[in-house]
Amino acid sequence: MRIVTVQNDYPVSASRLWAMATDYAALSEVMEGLVSFEGLPAGRTQTGQRLEVMVSLFGKLPAQPYRMEVLECDNQRMILRSSERGAGVKTWLHSLSVTEIESGSRLHDRIEIDAGMLTPVFALWARYLYRARHKPRLRLFESGRY
């Protein structure tokens, strides 16, 4: 098991960042070019959701089944926890939190990964993937859509 943490700051209120971080359409947009989804629902994340989607790395590799269960989505505390698996991953436990800071808000991701012998490779991928979401989020905020 490896643990990856990524933290990014945004010049917007915590409520705006939370709204984007829990919106499936925004997830699809910030992952564009890295991961494409088939079967991602519309709307926002909710506690208890169980998703069966197909994911394709870079939108070019063959799509593979991926399961996500939303363990907790607390809109008051701005905490999201999910349990995920598939596409070579045995366990992908994701915790996301949003907090207010002096210059706006901070998004903190913590991912616990078990992919057997490939765990180090998936940990590197996770670090890259979660860091790569920052610039597309900034562009979405600048567009005024969130």
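This report walks through the sheet, the helices against it, the salt bridges and one buried serine in a predicted model.

## The sheet as a whole

Start with the sheet, since the other sections refer back to it. It's an open sheet of 7 strands with antiparallel pairing, and the order across it reads 1-7-6-5-4-3-2. The two edges are strand 1 (2–10) and strand 2 (35–38), each of which pairs on one side only. Going from one strand to the next, the twist averages 25°.

## Strands 4 and 5

Strand 4 covers residues 64–74 and strand 5 covers residues 79–86; they pair in the antiparallel sense over 8 bridges. If you want a spot to look at, find Arg67: its bridge partner in strand 5 is Arg85. The hairpin of these two strands has 4 residues between them, and Met78 there takes a positive phi near 55°.

Which residues of strand 5 sit on its covered face, and which on its uncovered one? Leu80, Ser82, Glu84 and Gly86 make up the covered face. Ile79, Arg81, Ser83 and Arg85 make up the uncovered face. So Arg85, the bridge partner of Arg67, belongs to the uncovered set.

## Strands 5, 6 and 7

On its other pairing, strand 5 meets strand 6 in the antiparallel sense, over 7 bridges. Two of the covered-face residues, Leu80 and Ser82, help you trace this pairing. Leu80 has Leu96 as its bridge partner in strand 6, while Ser82 has His94. The hairpin that strand 5 and strand 6 form has 2 residues between the strands, and Ala87 in the turn has a positive phi of about 50°.

Next comes strand 6 with strand 7, an antiparallel pair held over 11 bridges. Val98 is a handy marker here, with Leu107 as its bridge partner in strand 7. A hairpin joins this pair too, passing through 2 residues.

## Helices on the sheet

Helix 3 (residues 119–132) lies across strand 1, strand 2, strand 3 (50–57), strand 6 (89–101) and strand 7 (104–114). Its direction runs at about 5° to strand 1.

Helix 4 (residues 134–143) lies across strand 1 and strand 7. Here the angle to strand 1 is about 30°.

## Salt bridges

Side chains of opposite charge can pair when their charged atoms come close. The structure holds 8 salt bridges. One of them links Asp9 and Arg106, with the closest N and O atoms 2.6 Å apart. Asp9 is in strand 1 and Arg106 is in strand 7, so this pair ties together parts that lie 97 residues apart in sequence. Are these two buried or exposed? Asp9 counts as partly exposed because its relative accessibility is 34%, and Arg106 is partly exposed too, at 26%.

Another pair is Glu112 with Arg110, again with closest N and O atoms 2.6 Å apart. Glu112 is partly exposed at 23% relative accessibility, and Arg110 is partly exposed at 29%. Elsewhere, salt bridges that share partners join Glu72, Asp74, Arg77 and Arg81 into one network. Within that network, the closest N and O atoms of Arg77 and Asp74 are 3.2 Å apart. Asp74 is buried, because its relative accessible area of 18% falls under the 20% cut-off. Arg81, another member of the network, is on the uncovered face of strand 5.

## A close look at Ser105

Ser105 is found in strand 7. Its relative accessibility is 0%, so it counts as buried. What does its side chain reach? The answer is the backbone oxygen of Val12, at 2.9 Å.

Leaving out residues up to four places away in sequence, Ser105 touches Asn8, Asp9, Tyr10, Val12, Ser13, Ala14, Leu17, Val98, Thr99 and Glu100. Two names in that list have come up before: Asp9 forms the salt bridge with Arg106, and Val98 is the residue whose bridge partner is Leu107.

Notes: Residues are numbered from 1 along each chain as its sequence is written. This is a predicted model: local features need pLDDT of at least 70, side-chain atom pairs count only at pLDDT 80 or more; totals for chains, interfaces and linings use all residues. Side-chain values use heavy atoms; hydrogens and water are left out. Two strands pair if DSSP finds at least two bridges between them. Axes are lines fitted to C-alpha atoms, for helices over the stretch in contact, and angles run from 0 to 180 degrees between N-to-C directions. Contact means heavy atoms within 4.5 Å. A salt bridge is a side-chain nitrogen of Lys or Arg within 4 Å of a carboxyl oxygen of Asp or Glu. Buried means under 20% relative accessible area, exposed over 50%, partly exposed in between (1.4 Å probe, protein chains only). A polar contact is a pair of N or O atoms within 3.5 Å; within protein, one must be able to donate a hydrogen and the other to accept it, and residues adjacent in sequence count only if both atoms are side-chain atoms.
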